[in-house]
Amino acid sequence: MIPAFNSQMPPDVDAIRDWLSRLRSQQGLAQAQSTIINLTHRFPEEAGLQALRDWYDAVWWKPIEFGAIRLERRNPDHFEFLWSLVVQKDFAYQLKHLPPNLTPRDLMLILTNEANAIIPESRSITWVIYKDDQPIGLSMFVNINFKNRTAEQIMGILPEFDSSFLVADAYFSSLSFAFNTLGLNKVQGLIYDTNESAANLQQRFGFQREGVIRQAVWSESDQRYLDLIQISLLYEEFLAGRFIQRYIGREARGDFLTTRRHWPRSTSEKFRG
């Protein structure tokens with residue numbers, strides 16, 4: 001049902017938020033984007049609508065290019081590559097967010113939902129990492145929390161493309177997005193204790209090892225509980241890190257990645273269903 005708009009009074013933002021969510025699922029993202037743009041033109045003084053429009057900006061779905069890699073937001077067009085990762089059990093296991101029992105239908109549903117999702121609702125974003133026209137891995141932020149300004153970073157690049165420069169390009173473009181575009185204060189990582197090399201690599205990139213969460217995950221293949229290595233990088237460490245800043249400074253980046261934005265701490269709560 002289309003909300004009734006009184007020409008003299010701005011519409012209820014909560015009702016519009018819910019309506020746009022239904023519109024995305026029924027008619028697609030483009031229709032929702034067009035609708036919120038029209039509403040902000042009609043009610044230019046309504047700050048709530050303008051803030052809502054920010055999350056529907058096409059830039060959130062625009063590929064990110066950095067160095068030798070390109071990040072494309074995950075969608076149904078990537079099904080073949082994603083399914084190839086699902087069947088690579090060891091690789092999927094390290095990523096943690098590719099459930100081992102996914103069916104092709106399940107995966108397509110996930111990709112379809114992600115393609116239309118806005119970040120405050122999904123509290124996550126996932127990209128497929130490309131080298132030229134070859135998909136080589138995934139980069140994602142999950143459990144995005146605007147109140148605490150935190151998120152968990154997960155990244156995996158196929159072994160045959162696991163070079164230091166490609167990994168660094170993917171990490172630092174993603175971190176620029178996290179700290180500037182999303183305005184986060186802390187990016188966290190939880191790494192299986194069987195993947196010590198990944199923790200060591202991220203420490204070289206400036207992450208700090210906070211500790212170990214003991215026996216946090218059950219491993220079917222090992223038939224034992226695994227510890228999780230907890231690491232993190234703060235915004236102030238991101239700015240002060242000479243290696244990080246020297247590395248990202250050599251690449252041209254648009255305002256989307258370089259301008260720090262400040263989202264209301266209540267952002268996530270406003271989008272809860």
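# A guided tour of the pockets, salt bridges and helices

About 390 Å³ of space lies in the second largest pocket, and this is where the tour of this predicted model begins. Select Lys89, Tyr93, Pro100, Glu220 and Ser221, which lie nearest the centre of this pocket, and then widen the selection until you have the 17 residues that line it. Helix α5 gives the largest share of this lining, namely five residues, and strand β7, which runs over residues 208–219, also supplies at least two. If you colour the lining of the second largest pocket by class, you should find eight nonpolar, four polar and five charged residues.

Move next to the largest pocket, whose volume is about 710 Å³. Its lining is made up of 31 residues, and those to select for its centre are Met155, Gly156, Tyr171, Asn195 and Ala198, which lie nearest to that point. Which elements give two or more residues to the lining of the largest pocket? They are α5 (89–95), β5 (150–157), α8 (164–181), β6 (186–192), α9 (196–204) and α11 (242–249). By class, this lining holds 18 nonpolar residues, together with nine polar and four charged ones.

Turn now to the salt bridges, of which a search of the whole structure finds ten. Begin with glutamate 114 and arginine 74, whose side chains meet in a salt bridge with a distance of 2.4 Å from N to O. This pair links distant parts of the chain, since glutamate 114 belongs to helix α6 (residues 104–116) while arginine 74 sits in the loop between β2 (69–73) and α4 (79–86), 40 residues apart. Is arginine 74 buried or exposed? With a relative accessible area of 6%, arginine 74 is buried, because a residue counts as buried when this value is under 20%.

For the next pair, select arginine 250 and aspartate 169, which form a salt bridge with their closest N and O atoms 3.3 Å apart. Arginine 250 is in the loop between α11 and α12 (255–258), whereas aspartate 169 is in helix α8, so this salt bridge ties together parts that are 81 residues apart in sequence. The two partners can be told apart by their accessibility: arginine 250 is partly exposed, with a relative accessible area of 44%, whereas aspartate 169 is buried, with a value of 2%.

A further pair to display is glutamate 196 and arginine 209, whose salt bridge has its closest N and O atoms 2.8 Å apart. Here, too, distant parts of the chain are linked, with glutamate 196 in helix α9 and arginine 209 in strand β7, 13 residues apart. Glutamate 196 is partly exposed, with a relative accessible area of 33%, and arginine 209 is likewise partly exposed, with a value of 33%. Before leaving the salt bridges, add Glu251 to a selection of Asp169 and Arg250, and you will have a network in which these residues are joined by salt bridges that share partners.

The next stop is helix α4, where Phe81, Leu82, Leu85 and Val86 are buried. If you turn the view so that you look down the axis of α4, its buried residues fall within an arc of 145°, so they line one face of the helix. Which elements should you show in order to see what covers these buried residues? The cover includes α5, α6, β3 (125–131) and β4 (134–145).

Go on to asparagine 180, which has its place in helix α8 and is buried, with a relative accessible area of 6%. Leaving aside its neighbours within four places in sequence, the residues in contact with asparagine 180 are Tyr235, Phe238, Leu257, Thr258, Thr259, Arg260 and Arg261.

One of those contacts, threonine 258, makes the last stop. Threonine 258 is found in helix α12 and is partly exposed, with a relative accessible area of 34%. Not counting residues up to four places away in sequence, threonine 258 touches Asn180 and Arg253. To finish, draw a line from the C-alpha atom of threonine 258 to that of phenylalanine 205, which is 53 residues away along the chain, and the separation should come to 19 Å.

Note on methods:
Residues are numbered from 1 along each chain as its sequence is written. This is a predicted model: local features need pLDDT of at least 70, side-chain atom pairs count only at pLDDT 80 or more; totals for chains, interfaces and linings use all residues. Side-chain values use heavy atoms; hydrogens and water are left out. On a 1 Å grid over the protein atoms alone, a cavity is a set of points where a 1.4 Å probe fits but cannot get out, and a pocket is an open set with protein on both sides within 12 Å along at least five of seven lines; lining residues have an atom within 4 Å of a point. Grid points are joined across faces, edges and corners, and a volume is the space filled by probe spheres set on the points. Helices (H or I, at least four residues) and strands (E, at least two) are DSSP runs, numbered from the N terminus. Ala, Val, Leu, Ile, Met, Phe, Trp, Tyr, Cys and Pro count as nonpolar, Asp, Glu, Lys and Arg as charged, and the others, Gly among them, as polar. Buried means under 20% relative accessible area, exposed over 50%, partly exposed in between (1.4 Å probe, protein chains only). Contact means heavy atoms within 4.5 Å. A salt bridge is a side-chain nitrogen of Lys or Arg within 4 Å of a carboxyl oxygen of Asp or Glu. The arc is that of the directions from the helix axis to the C-beta atoms.
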